[in-house]
Amino acid sequence: MSEQARAIISEVSGHDLDQWLRPSTFTNELEESVRGHIHEELTSWIFYRKLAADCSRANIALHGFAMLWERSAKECLIDMQWLEKYLISRGGRCKPTNIEAPKCEWPDSPVEPVGPCREAFNVQRKLFVDLEKLCTLAEKCQDTALLNAIESRFLRKHAKHLKNMGDLLQQVTRVSKQPGLGLYLLDAELRHHNGCIPWMSMNDPDTIEEGIRAVTKKISGGLALQSHHEGTKLASKEAGHC
């Protein structure tokens, strides 16, 4: 082995490679904030798992709502794992903390959805606010990579989730004014859509933009077809005169 190779091995072995990965913009405060949001995602995950389990009980049997909370829990877990991997890729360290057990309980005598759905809205809002704080700190530290990652993967999605959860809270409040059929129908809609909120596409600006593009394409296609027909008629008339 050459002396140069030995020198490189000695240099690499004697350094903390995590620090080589870590840019100066990824400060200790920023790393701690990322770990804090990982904790929030895990706390939200166990909260949604609790709601899903409650709604699956025979005394409650709101299986559409159970599917919704299960989807929400899975998304929190996926987001947590992605952010944890991202933290490690930036030279950070994973330091798990204790997760507090959720105190929310779905009432079953009578079955009352407003309280738990309000808690779910508050959990979603807490996630969104924490993401905004993380973005603000990343901007302050001039960490463009983290700022872009949070905005593109999390912030926009959570803004839509928050609106969907607010709509759901309004719906359950409305149907709970006269308990009975309304809650059953809302749960049936959730079952029919596999736990997805039925009106979620109405709160998605991308879907609206795609709809506008589709309509514009149809209009453009219709105008082009009309222009083609008029051109064909004009050519036929000229041929007749000849």
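The protein chain has eight helices and zero strands, and this picture comes from a predicted model. Read along the sequence, the pattern is α-α-α-α-α-α-α-α. The chain has 242 residues, of which 32% count as buried. Among contacts between residues at least 6 apart in sequence, 78% join residues at least 24 apart. The notes below start with α3 and its annotated residue, follow α4 through its helix partners, and finish with some buried positions elsewhere.

**Helix α3 and the annotated site**

- Let's begin with E41, where UniProt, in an unreviewed entry, places the feature "binding site". Such annotations may be inferred rather than shown by experiment.
- E41 belongs to helix α3, which covers residues 28-55.
- Is E41 buried or exposed? E41 counts as buried because its relative accessibility is 0%, and the cut-off for buried is under 20%.
- Leaving aside neighbours within four places in sequence, the residues in contact with E41 are C76, D79, M80, L127 and H158.
- Next along the chain is L42, also in helix α3. With residues up to four places away in sequence not counted, L42 touches L77, M80 and I99.
- M80 therefore appears in both lists, as a contact of E41 and as a contact of L42.
- L42 also has a sequence-distant companion in P96: the two are 54 residues apart in sequence, with 10.0 Å from C-alpha to C-alpha.

**How α3 packs with α4**

- Helix α4 spans residues 63-89, and its axis and that of α3 come within 8 Å, crossing at roughly 160°.
- Because that angle is over 145 degrees, α3 is roughly antiparallel to α4.
- The crossing of α3 past α4 is left-handed.
- Sorted by class, the residues of this contact are 17 nonpolar, four polar and seven charged.

**How α4 packs with α6**

- The axes of α4 and α6 come within 13 Å and cross at roughly 165°, so α4 is roughly antiparallel to α6.
- Here, too, α4 makes a left-handed crossing as it passes α6.
- Which residues meet across this pair of helices? On the α4 side they are F65, L68, W69, E75, I78, D79, W82, L83 and Y86. On the α6 side they are A145, L146, A149, I150, R153, F154, K157, H158, H161, M165, L168 and V172.
- By class, the α4 and α6 contact holds 15 nonpolar, two polar and four charged residues.
- D79 in α4 and H158 in α6 both take part in this meeting of helices, and both D79 and H158 are in contact with E41.

**How α4 packs with α7**

- Helix α7 runs over residues 181-192, and the axes of α4 and α7 come within 7 Å and cross at roughly 45°.
- That angle makes α4 oblique to α7.
- α4 passes α7 in a left-handed crossing as well.
- From α4, the residues H63, G64, F65, M67 and L68 meet L183, L186, D187, L190 and R191 of α7.
- The classes in this contact are six nonpolar, two polar and two charged residues.
- F65 and L68 are worth picking out, since both are listed in the contact of α4 with α6 and in the contact of α4 with α7.

**Around the α5 to α6 loop**

- A138 sits in helix α5, residues 114-140, and is buried because its relative accessible area is 1%.
- Outside four places in sequence, A138 is in contact with L30, D143, L146 and L147.
- A138 and E29 are 109 residues apart along the chain, yet their C-alpha atoms are separated by 9.7 Å.
- D143 is found in the loop between α5 and α6 and counts as buried at 1% relative accessibility.
- With neighbours within four places in sequence left aside, D143 is in contact with T25, F26, L30, R90 and A138.
- L30 is listed as a contact of A138 and of D143.

**A buried asparagine in α6**

- N164 lies in helix α6, residues 144-175, where its 4% relative accessibility means that it counts as buried.
- Not counting residues up to four places away in sequence, N164 touches I197, W199, M200 and N203.

Conventions: Residues numbered from 1 in each chain as written. Predicted model: local features only at pLDDT ≥ 70, side-chain atom pairs only at ≥ 80, totals over all residues. Heavy atoms only, no water. Helix = DSSP H or I, 4+ residues; strand = E, 2+ residues; numbered from the N terminus. Buried < 20%, exposed > 50% of the residue type's maximum accessible area, 1.4 Å probe, protein only. Contact = heavy atoms within 4.5 Å. Axes fitted to C-alpha atoms, helices over the stretch in contact; angles between N-to-C directions. Parallel < 35°, antiparallel > 145°, perpendicular 65-115°, else oblique. Left-handed = near helix turned anticlockwise from the far one by under 90°. Nonpolar A, V, L, I, M, F, W, Y, C, P; charged D, E, K, R; others polar.
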